[in-house]
Amino acid sequence: MNHQTLSSFIWSVADLLRGDYKQSEYGKVILPFTVLRRLDCVLVDTKDAVVDEYKAKTAIGLNPDSFLLRKAGQSFYNTSPLDLVKLLGDQDNIRPNLYSYIQGFSDSARDIFERFDFYSQVERLAKSSLLYLVTEKFANIDLHPKRVDNAQMGLVFEELIRKFAEISNETAGEHFTPREVIRLMVNLLFIEDDDVLTAGNAVVRTIYDPTAGTGGMLSVAGEHLHDHNPQARLTMFGQELNDESYAICKADMLIKGQDVGNIVVGNTLSEDGHTSRKFDYMLSNPPFGVEWKKVEKEVRKEAAEKGFNGRFGPGLPRVSDGSMLFLMHLLSKMRPAVDGGSRIGIVLNGSPLFTGGAGSGESEIRRYVLENDLVEAIIGLPTDMFYNTGISTYIWILSNKKPKARKGLVQLIDASSFWQKMRKSLGSKRKELNDAHIADITRLFGDFAEAEQVIITDGAGKEITRDLLIDGRTPPTAPEGGKVKVVPISRIFRNEDFGYTTITVERPLRDEVGKIVLGQKGKAKGKPMADSALRDTENVPLSDDIAAYFKREVLPHAPDAWIDEGKSKVGYEIPFNRHFYVFEPPRDLHTIDEELKVVTTRILQLIEGLAE
C-alpha cells in the first residue's frame with residue numbers, strides 16, 4: 001500500500017467519529033491510534049520473548065530494562081501480554097485492558113501517549129461506545145515494517161497531519177516541509193563531504209533540527225546518508241514546540257533506534273534544549289513571518305546579558321518576524337572549524353535578505369554572517385512550494401568550513417523556474433520539484449560556477465526546451481522563426497559586494513535672505529547649521545571610495561552639501577532578484593502597428609460577413 005492509500009484507509013476511521021467528534025478533533029484520536037498500531041506491529045515478532053524475559057527477571061529481583069531492550073531488538077518494549085488484536089477478545093473490558101497495555105510500554109514510548117493526551121480520548125471514546133469499534137479498525141491495519149517501511153510511515157503521518165490541518169483551518173506548514181525540498185536541502189548539505197558519503201567509511205556524525213516537526217528533515221537526512229554509505233551513522237537531535245508533532249517525531253526516532261532523549265519538547269528560542277551541544281549538520285524550516293512577542297523577554301535578556309557568548313549577539317530582528325532568531329540559534333550550534341566545523345541548511349522567506357536598513361537588527365545579522373564568511377549559497381525556490389504559503393522562499397547554506405574555492409564568495413542560484421505542476425494542489429502547494437530539478441540545482445551548487453539557462457521557443461512562442469549553460473558554453477541556435485532566451489541562473493559574488501555605507505548628506509540652513517546660518521555654541525560654533533528638511537541619505541557600496549562617490553554623485557547636484565560622518569553606518573542586504581533581472585526591450589512601434597493593422601482588417605472582414 002502506498003502512503004496515500006494507507007492514509008485514506010486510516011481516514012475512514014473518521015466515519016466512526018462523525019457526530020460524536022467535531023471534524024477538527026479527528027486527529028486527537030486517529031494520530032495516537034496510528035502511532036500505537038505502528039509500535040504494536042514493530043514489537044509483534046519479539047512479543048512473547050519480551051514477556052517471558054520480563055517475568056523471569058522480575059521473579060529474581062533484577063531490573064529487567066536492559067534485558068528487555070535486547071530481547072525486543074528496539075529502543076523500546078512492552079511487557080504486557082496484550083496487543084491490539086488480543087484486546088478485541090474482551091469487548092466488555094477493552095478500556096481497562098487498553099490502559100494496562102499502554103502502561104506496559106517502556107517510559108520513552110509511554111510519554112508519547114501522554115503528549116497526545118491519549119487517556120482523555122480513551123475515556124471519551126468509551127463514553128460514546130466507540131472505543132471497541134475504533135480499536136477494531138486499527139487492529140485490522142497491518143503497519144509491520146516489512147509492509148510499511150519507515151520512510152512510508154513518515155509520509156503517512158505527514159499526509160494525516162496535512163488533512164487534519166486543512167479541516168481545522170490550521171497551517172500544515174507548521175508541522176512539516178515538503179519531502180522534495182528536504183531532499184534538495186540534504187543534497188546540498190552533504191555534497192561537499194566525501195568522507196561521509198563514501199561507502200565503507202564508518203563515520204559518526206550529528207544532525208540537529210531546532211524546529212523538528214514530525215522529524216521529516218532528520219529522517220530524510222538519515223535515509224540519504226544510509227543510501228550512500230550504510231556504514232555511516234547519523235545521530236539525530238531536535239526540538240519541537242507542538243506536543244502532537246513532538247510525539248510523532250519521538251515515535252519515529254524510537255522505531256529508528258535513535259536515542260529519544262535527543263528529541264526535546266519546548267520553545268527553542270526561550271528554552272534551548274541542547275544548551276552545550278555543537279553539531280556537524282543542521283537543518284531547519286522555521287515559521288515565516290511569525291512574531292516572537294511571547295518569548296521577547298527571554299530573548300532580549302539573553303542578548304543583553306550574554307551578547308556574543310549567547311545565541312543572539314549579532315542583533316535582534318523586528319518582533320514581527322522571528323525566523324532570523326532561528327538562524328542565529330543554529331550559528332551558535334556550529335562546531336568550531338578546528339574541530340571539523342559545521343554546515344547549515346535553513347529555509348527562509350525573502351524578508352531576511354533585505355529587510356532593515358544599515359544598523360538595524362536584520363542588517364547586523366547579515367553583516368555578521370557575511371563578514372565572517374559563513375554564507376556558501378542562497379537558492380531561490382519557486383513560489384507555491386509550501387503547504388501554508390505561496391510566497392517566494394530561499395534555502396540558505398551556511399558553513400564555517402568552506403572549501404578553498406568558496407572562501408570570501410557567495411553563490412546565488414535562481415531556481416524559481418525549476419518546477420512542475422502538481423496533479424492536485426495541497427493547501428497552498430501547487431508546484432513541486434522532480435528528481436531532474438533536484439539534480440540540476442545540486443549540480444549548479446556542486447560545480448560552483450556561473451551559469452545561464454537557455455530557453456528555446458518556436459515561432460508561435462511555445463517553449464520547446466530549456467537547458468543549462470555552465471562556464472560560458474555557447475547557446476544553441478534558434479529554430480526557424482523561433483527564439484533563444486538566455487538568462488542568468490547561477491552567479492558568484494564577493495561577500496563585500498552586498499555591503500554598503502549609509503552616509504547622511506547635510507545641506508546648510510539659510511535665513512530669510514538666503515544667508516547660511518552659522519552655529520553659535522560648542523563644536524558647531526562658526527560652522528554651517530544643517531537644515532533637517534534638506535537632510536538626505538545615500539548608500540555607498542563598500543567597494544567605492546566614499547569621498548570619490550560623494551564628489552561624483554552628490555556635489556554636482558548640491559555643491560554646498562557635506563557628509564555628517566558621525567552618522568555613517570555600514571549595512572548589508574542581498575537584493576536577490578535584482579541580480580537575476582533581465583531587461584526585455586518592448587517590441588518596436590512599427591511591429592505593433594503592423595499587427596494592429598492585421599487585426600483591424602480581420603475584424604472588418606468579420607463585420608462585413610455578418611452584414612451579408
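**Exercises on rings, burial and surface**

The charged end of Arg 124 sits over the ring of Tyr 21, 3.9 Å from its centre. The criterion is NZ of Lys or CZ of Arg within 6 Å of the ring centre and within 35 degrees of the ring normal. The model is predicted, with local features needing pLDDT of at least 70 and side-chain atom pairs pLDDT 80 or more, while totals for chains, interfaces and linings use all residues. Residues are numbered from 1 along each chain as its sequence is written, and side-chain values use heavy atoms, without hydrogens and water.

**Exercise 1.** Find the residue that lies over the face of Trp 419.

Solution. Lys 431 does, at 4.3 Å from the ring centre.

**Exercise 2.** Classify the aromatic pair of Tyr 394 and Phe 576 and place both residues in the chain.

Solution. Step 1: rings of Phe, Tyr and Trp (its six-membered ring) pair if their centres lie within 6.5 Å; planes under 30 degrees apart are stacked, over 60 edge-to-face and the rest tilted. A search of the whole structure gives 14 aromatic pairs. Step 2: for Tyr 394 and Phe 576 the centres are 5.0 Å apart and the planes at 65°, so the pair is edge-to-face. Step 3: Tyr 394 belongs to strand E7 (residues 393–399), and Phe 576 to the loop between strand E17 (569–572) and H22, 182 residues apart. Helices (H or I, at least four residues) and strands (E, at least two) are DSSP runs, numbered from the N terminus. Step 4: both Tyr 394 and Phe 576 are buried, meaning under 20% relative accessible area, with exposed over 50% and partly exposed in between (1.4 Å probe, protein chains only).

**Exercise 3.** Decide why Ser 80 counts as buried, and list its contacts.

Solution. Step 1: Ser 80 lies in the loop between helix H5 (65–72) and helix H6 (84–87). Step 2: Ser 80 counts as buried because its relative accessibility is 5%. Step 3: apart from neighbours within four places in sequence, Ser 80 is in contact (heavy atoms within 4.5 Å) with Lys 47, Val 51, Ser 100, Tyr 101 and Gly 104. Step 4: Tyr 101 is also part of one aromatic cluster with Phe 33, Phe 105, Phe 113, Phe 118 and Phe 138.

**Exercise 4.** Is Ile 603 buried, partly exposed or exposed?

Solution. Step 1: Ile 603 is in helix H22 (residues 589–611). Step 2: the relative accessible area of Ile 603 is 44%, so Ile 603 is partly exposed.
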